[in-house]
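Got the viewer open and a hand on the mouse? Here is a walk through the model, one selection at a time.

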Amino acid sequence: MNFKMMGRFIAQIITIEAVFMLPALGISLFGGEENAAIGFGYSIAIILLLAAVLYALCRKAGQIFGAREGLVCVALGWVCLSILGSLPFVISGEIPDFVDALFETTSGFTTTGASILRDVEALPDGLLYWRSFSHWLGGMGVLVFLLAIAPAGGDEKGFTMHLLRAESPGPEVGKLVPKMRQTALILYVIYVVLTILNVIFLLCGGMSFLEALCTAFGTAGTGGFGIKNDSIASYSPYIQWVTTVFMFIFGINFSCFYLLLMRRFRAVFRDEELRLYIGLAVGCVVLITLNILHGMDGAYETLEETVRHAAFQVSSIMTTTGFCTTDFDLWPAFSKGLLMMLMVVGACAGSTGGGMKCARVLLLFKNLRRNIRQVLNPRTVQVIRNNGKVVDEKVIANTTAYLAAYVVIIVVSYLAISLDGFSIGTNLSAVLACFNNIGPGMEAVGPTCNFADYSVWSKLVLSLCMLAGRLEIFPILALFSRSTWKRR
């Protein structure tokens, strides 16, 4: 295990975190928010001191960097980001309990959006900005950002692919261009441009610059931290429609945007995952709209309002953003069932969205169909194709292993937090919401509630669920596996 190389990467990661705290510090100073400014000032100093110590200890790092190092480095990096990112909340006194601050920060960086805050609007602007910006930084991945701007060493020696695979969402990571550094840079350029466009559209709707920036951060990272207690509900229909569209856009595989830039329109239109994603979204909007109109007492006043809320919540839940415009916990059981299904399915691989991912769901169904055909015709050789290409059996095996780990973690986490005595619906939806990086669940953790009433134990379990869900399970499992740390 190349500990020094890993230490150097952790030092770079937390240095980036300290640098990105500077705008929040500036906002706090400009707004006269003394406690928040002190919190950011001390936090930046602590983080830079830790980074300097790590740099000093890990100056002479070897060049061997394999898959083990990539998995552990990513897992440790995200744990450090969450712990150190919570310091401004604790030091400022705005969230004095460390576990609460850790839950909130982990929720931010993992783009979950689950909160323990009962009055979000009471937070200083600097902390509101940092809370929302953590979504943006975590959405694409801080290590992807690091690889895009400052990869260690001049030549790629394998570590770039290992890091990108460990952090990027989806069953596999492909190259847009031959160099992984250039791939990471292209992804971030697309990410930044779409975020800027989102900010511009929100400003046109009458939002202040800080509101537009924080909302765009939550939308781009598909995180869902709002800066108002009612999330997006009090904003105009225009703002809600803009947010609906951009949430949906950020749930699409970013490779599709690159193909559009390269004018490879046919490849985009033939993408099976994209078609499944669009089909599920449109189908669920239509079904929920009809269900609300005919199965809900006191339905919305107009058809446009019904469609708007249905489209917003489908886009928000499917992309695992977690913004809300209405209390969907009051919807009919069929509509809530569809939303629960979308929580599991999630967005596209290679997007900032969470969940199991449409690509995995597609592969699982194709594998099921193949197994049925092989049972009926044992002598035939069946292969699985995706977008016309044969899928490697290793990818199928990894997808099946992911499903097994997914189910086990959901069950164990559900049992672990059930000690708090909440209802089955509350606990199950809380685990699904945190593990799939969605935010709001149902019942006591629904869109009008939060996670504040859970015990310290449950908050730690749910925080670990957020990290495992964001990092696609295996980096966190590798961190706790004895075989990872054995000498080879």
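Is serine 418 buried, partly exposed or exposed? Select it and turn on the surface: serine 418 counts as partly exposed, because its relative accessibility is 26%, which falls between the 20% limit for buried and the 50% limit for exposed. Keep in mind as you click around that this is a predicted model.

**Stop 1: around serine 418**

Show the ribbon and you'll find serine 418 in the loop between helix 19 (393-417) and helix 20. Now add side chains. A polar atom of the serine 418 side chain sits 2.6 Å from the backbone oxygen of tyrosine 414. Next, pick serine 458 as well. Serine 418 and serine 458 are 40 residues apart in sequence, yet their C-alpha atoms are 8.5 Å apart in space.

**Stop 2: the whole chain**

Zoom out for a moment. The secondary structure comes to 23 helices and 2 strands. Of the 488 residues, 58% count as buried. If you take the contacts with a separation of 6 or more, 73% of them are between residues 24 or more positions apart.

**Stop 3: serine 463**

Go to helix 21, where you'll find serine 463. Serine 463 counts as buried, because its relative accessibility is 6%. Leaving out residues up to four places away in sequence, serine 463 touches Phe103 and Thr106. Add threonine 110 to the selection too: 353 residues separate serine 463 and threonine 110 in sequence, while their C-alpha atoms are 9.3 Å apart.

**Stop 4: threonine 320 and its contacts**

Where along the chain is threonine 320? Look in the loop between helix 16 (303-318) and helix 17 (333-345). Threonine 320 counts as buried, since its relative accessibility is 0%. Display everything around this residue. Setting aside neighbours within four places in sequence, the contacts of threonine 320 include Thr111, Thr222, Gly223 and Gly346, along with Gly353, Gly354 and Gly355. Asn436, Asn437 and Ile438 are also among the contacts of threonine 320. For one of these you can draw a distance: the threonine 320 side chain reaches the backbone oxygen of asparagine 437 at 3.5 Å.

**Stop 5: two positive phi values**

Follow that distance line to asparagine 437, in the loop between helix 20 (424-435) and helix 21 (456-470). Asparagine 437 counts as buried, because its relative accessibility is 2%. Check its backbone: phi of asparagine 437 is near 60°, a positive value in a residue other than glycine. Most residues other than glycine have a negative phi.

Now jump to lysine 357, in the loop between helix 17 and helix 18 (358-376). What is phi of lysine 357 near? Phi of lysine 357 is near 90°, again positive in a residue other than glycine. Lysine 357 is buried, because its relative accessible area is 1%.

**Stop 6: the cavity**

Switch on cavity display. Rolling a probe the size of a water molecule over the atoms shows where empty space is left. The structure holds 1 cavity of 30 Å³ or more, and about 40 Å³ of space lies in the largest cavity. Which residues lie nearest the centre of the largest cavity? Select Gly353, Gly354, Lys357, Asn437 and Arg470, which lie nearest the centre among the 10 lining residues. Colour the lining by type and you get 1 nonpolar, 6 polar and 3 charged.

**Stop 7: the second largest pocket**

The second largest pocket holds about 460 Å³ of space. Its lining has 29 residues, and the ones to select are Ser115, Asn229, Ser231, Pro447 and Cys449, the closest to its centre. By type, the lining of this pocket divides into 11 nonpolar, 13 polar and 5 charged.

**Stop 8: the nonpolar cores**

Finish inside the largest nonpolar core, which has 133 residues. Trp130 and Phe451 touch the most other members. Helix 1 (residues 3-20) gives the most to this core, with 9 residues. Centre the view on tryptophan 130 and show what surrounds it. Not counting residues up to four places away in sequence, tryptophan 130 touches Glu17, Phe20, Met21, Ala24, Phe40, Gly85, Pro88, Phe89 and Phe109. Apart from the largest core lies another one, of 5 residues; select Leu363, Ile384, Val391 and Ile396, which are among them.

Conventions: Residues are numbered from 1 along each chain as its sequence is written. This is a predicted model: local features need pLDDT of at least 70, side-chain atom pairs count only at pLDDT 80 or more; totals for chains, interfaces and linings use all residues. Side-chain values use heavy atoms; hydrogens and water are left out. Helices (H or I, at least four residues) and strands (E, at least two) are DSSP runs, numbered from the N terminus. Buried means under 20% relative accessible area, exposed over 50%, partly exposed in between (1.4 Å probe, protein chains only). A polar contact is a pair of N or O atoms within 3.5 Å; within protein, one must be able to donate a hydrogen and the other to accept it, and residues adjacent in sequence count only if both atoms are side-chain atoms. Contact means heavy atoms within 4.5 Å. On a 1 Å grid over the protein atoms alone, a cavity is a set of points where a 1.4 Å probe fits but cannot get out, and a pocket is an open set with protein on both sides within 12 Å along at least five of seven lines; lining residues have an atom within 4 Å of a point. Grid points are joined across faces, edges and corners, and a volume is the space filled by probe spheres set on the points. Ala, Val, Leu, Ile, Met, Phe, Trp, Tyr, Cys and Pro count as nonpolar, Asp, Glu, Lys and Arg as charged, and the others, Gly among them, as polar. A nonpolar core is a set of buried Ala, Val, Leu, Ile, Met, Phe, Trp, Tyr and Cys residues joined through side-chain atoms within 4.5 Å.
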